[in-house]
Amino acid sequence: MIPTAPQSSKRVLLFDDQRTAGTRRAERLRSELGVDVRYVWDVEQTIDEILLSRYDLCVLDYSDVRGWGDTRCGLDIVKRGISESTINRDTPVMIYTMFTIRPDEIDELEHYGRIVEVKNQVLGMEGIVEAVAHWLDLPWTRSEIVTSRVWGVGEIQDWSETERQATVIVPSWSDSTELVVEWSWLGQELVEELSVLIGELEGGVSEANPLLVRVEYNENALRSYELDLRVLDRIGPAAAFRSSVTWTSAPERIDPEEPTDTPAGKRAAGKVPAAEVWESLHEEWVNLASTAGGEEGD
Amino acid sequence: MRVDFLDVGHGSCVVVRSGAHVAIIDVGGAPRQVHEFLTTELPADSDGRIKIEALVITHMHEDHYRGLPAILYDGCFEIGALYANRDLLPEGLVDDSLLGRMEMRLHEAIVCWQRRTGKQVCSLLDGEGFSLGTSARFTAVWPAAIPTWPGGVRNTDSIVGRVEDDEDPGMRVLVTGDADARSFAGITARSALAILSDVLLFPHHGGLPGGADPTRFASALCRTVKADRVVIQNGTRWVNHPHKKILAGIRQAGSVHEIACTELSGSCGRPHPSDVYAPRCAGTVTVDGGPSLQTERPHHGQFVRGALVADAQCMLS
């Protein structure tokens with residue numbers, strides 16, 4: 001059970017571009033430090049709301065710059081996040097990114113706000129709680145892993161020791177094809193990031209349908225590990241809602257093979273391919289589907 | 001019939017109007033923009049109430065449902081029927097705390113709406129649909145009643161459906177959510193007629209199609225649907241949507257004569273994300289019975305052909 005901390009008067013602005021992970025990081029900050037957290041995943045859409053508030057600490061956690069095309073683009077977002085979110089330039093700002101920020105760029109960033117920490121890494125769940133507790137001078141100690149489960153092994157590719165990151169390729173039956181996790185030697189951070197990773201799979205992984213993770217390291221030596229996964233002892237309100245939402249079937253059944261005597265039907269009939277063309281198209285789709293992996297995100 | 005593909009950033013929202021009848025398919029992207037469009041563009045009765053006969057959520061990804069809680073809580077909207085995919089409540093979820101904050105908020109909103117109205121959420125499977133007035137209808141062609149793929153992948157099981165109006169035979173619109181190659185393998189196993197359309201809302205905002213080769217995917221989709229117009233609802237935040245290989249596939253199919261993205265793609269010169277004055281491309285795209293896509297920004301044609309976007313990806317020739 002994660003202890004609930006007494007309420008603090010501190011306010012934290014958290015930017016995190018990975019929504020599931022960010023939501024959980026914000027929840028951890030609230031529950032473990034008692035701070036008031038404003039979580040933002042999309043600078044574009046919520047900037048007005050952010051501008052209305054003042055914060056004691058601003059945390060920018062931009063792990064995934066792949067979607068932005070290149071690292072410079074990600075850096076621009078960090079700049080904007082700082083410049084538009086901190087009315088009070090004295091608000092301390094911590095930046096964690098997967099990409100390297102050069103010293104001259106840090107100098108530039110300091111024109112935008114009071115940068116107190118820049119790290120070329122993304123913090124794990126507990127890492128971010130620890131960092132915020134440190135900067136806000138709040139009491140906090142690492143909690144124990146409360147539950148252990150073994151869900152198997154999978155593949156991590158493109159591992160980089162220096163950058164402490166790896167790309168995980170999950171099997172085709174799960175919900176995502178490519179995720180980045182933070183690497184450490186079977187330590188707390190990796191365990192925690194895997195629990196985040198499962199969250200991002202959005203229910204696609206279960207005991208009956210396990211996530212396979214295989215850790216490759218040290219010049220082609222392949223080892224498998226049984227990984228302890230943190231299972232948070234929290235039941236969200238969704239548990240109650242699950243049984244409350246009721247369903248019915250659609251009230252109307254429409255025959256898709258409509259009669260061709262309507263104007264729309266006549267037009268459609270003119271487009272209908274010959275049977276062999278259609279069969280060939282279907283075959284093409286079956287082939288395409290057989291090469292498809294998992295989901296490509298939202 | 002009039003169909004508006006709203007510019008809501010990265011996300012999907014399609015508003016269908018046939019006379020006074022209104023249906024909405026997905027309410028993702030920027031909730032404020034969705035809400036503003038609905039409250040300013042849709043007719044209200046003398047009590048200020050806006051009637052939406054059907055609201056469809058193609059699948060449970062935030063960029064497709066994000067605006068729904070605000071609509072369900074807002075008493076000015078009277079929703080006739082709410083349709084959602086079966087992934088509304090993901091089965092097999094081990095730990096409910098893994099649900100994100102938005103998902104919990106969505107569930108809260110749906111339960112409150114059910115209690116207030118006494119209505120239930122409807123599923124929408126292949127062959128089911130709803131009418132919109134006397135001449136228009138939405139017909140789902142996917143997903144199948146029995147899940148085709150183990151693991152219940154949300155994109156694969158997106159609701160895919162066609163909007164059509166007997167009085168406007170030249171504007172069948174296929175709405176595709178984030179459907180992928182597996183979805184279309186299932187759809188094409190069932191019916192040839194059901195997805196033939198004039199306008200295609202390209203799936204997944206023009207992003208990668210679930211691991212299949214993007215060029216082959218796009219080409220096959222255009223040849224299957226036979227649409228001559230393609231709309232892509234994208235956002236500047238996902239700078240590579242639509243993917244260049246997707247656009248190459250659309251061109252390769254040879255049947256499409258018009259493409260419009262709601263926002264400028266990163267593939268078209270990569271707009272500076274912090275520049276609020278960056279070009280915004282077509283904006284909301286409308287199909288209203290004419291042979292061409294209508295764009296919110298009248299200068300769109302000049303915009304993509306002119307100096308502003310030297311490498312416009314939607315150029316077909």
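What follows is a chat about chain B of a predicted model and its contacts with chain A.

User: Before we get into details, how many helices and strands are there in chain B?

Analyst: This is a predicted model, so a quick look at confidence comes with the fold. Chain B has a mean pLDDT of 84, with 85% of its residues at 70 or more. For the model as a whole, the scores are ipTM 0.90 and pTM 0.61. As for the elements in chain B, the tally is eight helices and 15 strands.

User: And where in chain B does pLDDT stay under 50?

Analyst: There's one stretch to treat with care, and the model still gives it 32 contacts beyond four places in sequence. The stretch is residues 90–99 of chain B.

User: What share of the residues of chain B count as buried?

Analyst: Start with the outside: chain B exposes about 10200 Å², and carbon and sulfur atoms supply 50% of that. On the contact side, counting pairs with a separation of 6 or more, 68% are between residues 24 or more positions apart. Of the 317 residues in the chain, the buried share is 67%.

User: Which element gives the most to the largest nonpolar core?

Analyst: That core has 42 residues, and A:Trp285, B:Phe202 and B:Ile250 have the most contacts inside it. Helix H9 (275–291) of chain A supplies at least two of its residues, and so do several elements of chain B, including strand E8 (136–142), helix H5 (181–188) and helix H7 (244–253). With six residues, the element that gives the most is H6(B).

User: Is there another core apart from that one, and how many residues does it have?

Analyst: There's another that lies apart from the 42-residue core. Its members include B:Ala54, B:Ile159, B:Ala260 and B:Val285. The number of residues in it is 31.

User: Back to A:Trp285: which residue of H6, residues 214–225 of chain B, does it share a contact with that is also B:Thr224's own place?

Analyst: Setting aside close sequence neighbours, A:Trp285 is in contact with B:Ala181, B:Phe184, B:Ala185, B:Thr188, B:Phe217, B:Ala220, B:Leu221 and B:Thr224. Helix H6 covers residues 214–225 of chain B, and B:Thr224 sits in it. The residue you're after is B:Thr224.

User: Is B:Thr224 buried or exposed?

Analyst: Look at what surrounds it: B:Thr224 touches A:Trp278, A:Leu281 and A:Trp285 on one chain, plus B:Thr188, B:Ile195 and B:Leu196 on the other, leaving aside neighbours within four places. A polar atom of the B:Thr224 side chain also lies 2.6 Å from the backbone oxygen of B:Ala220. Its relative accessible area is 0%, which is under the 20% cut-off, so B:Thr224 is buried.

User: Which residues of helix H1 of chain B are buried, and why do they line one face?

Analyst: Seen down the axis of H1(B), the buried residues fall within an arc of 95 degrees, so they line one face of the helix. The face turned away from that side carries the exposed residues B:Glu36 and B:Thr40. The buried set packs against several elements, among them strand E1 (2–5), strand E4 (50–57) and helix H3 (68–73) of chain B. By name, the buried residues of H1 (residues 31–41) are B:Val34, B:Phe37 and B:Leu38.

User: What is the omega of the peptide bond from B:Trp142 to B:Pro143?

Analyst: Most peptide bonds are trans. B:Pro143 sits in the loop between E8 and strand E9 (160–165) of chain B. The bond leading into B:Pro143 from B:Trp142 is cis, with omega near 10 degrees.

User: B:Asp26 isn't a glycine, so what is its phi?

Analyst: Most residues other than glycine have a negative phi. B:Asp26 is in strand E3 (residues 21–27) of chain B, and at 0% relative accessibility it counts as buried. Against that general trend, its phi is positive, about 70 degrees.

User: How far apart in space are B:Val304 and B:Met315, C-alpha to C-alpha?

Analyst: B:Val304 lies in helix H8 of chain B and is buried, at a relative accessible area of 6%. Not counting residues up to four places away, B:Val304 touches B:Cys281, B:Val309, B:Ala312, B:Cys314 and B:Met315. B:Val304 and B:Met315 are eleven residues apart in sequence, and their C-alpha distance is 7.8 Å.

Conventions:
Residues numbered from 1 in each chain as written. Chains lettered and ligands numbered in written order. Predicted model: local features only at pLDDT ≥ 70, side-chain atom pairs only at ≥ 80, totals over all residues. Heavy atoms only, no water. pLDDT = per-residue confidence, 0-100. Contact = heavy atoms within 4.5 Å. Helix = DSSP H or I, 4+ residues; strand = E, 2+ residues; numbered from the N terminus. Buried < 20%, exposed > 50% of the residue type's maximum accessible area, 1.4 Å probe, protein only. Areas by Shrake-Rupley, 256 points an atom, 1.4 Å probe, with all protein chains shown as cover. Polar contact = N/O pair within 3.5 Å; in protein donor to acceptor, adjacent residues only side chain to side chain. Core = buried A, V, L, I, M, F, W, Y, C linked by side-chain atoms within 4.5 Å. Arc of directions from axis to C-beta.
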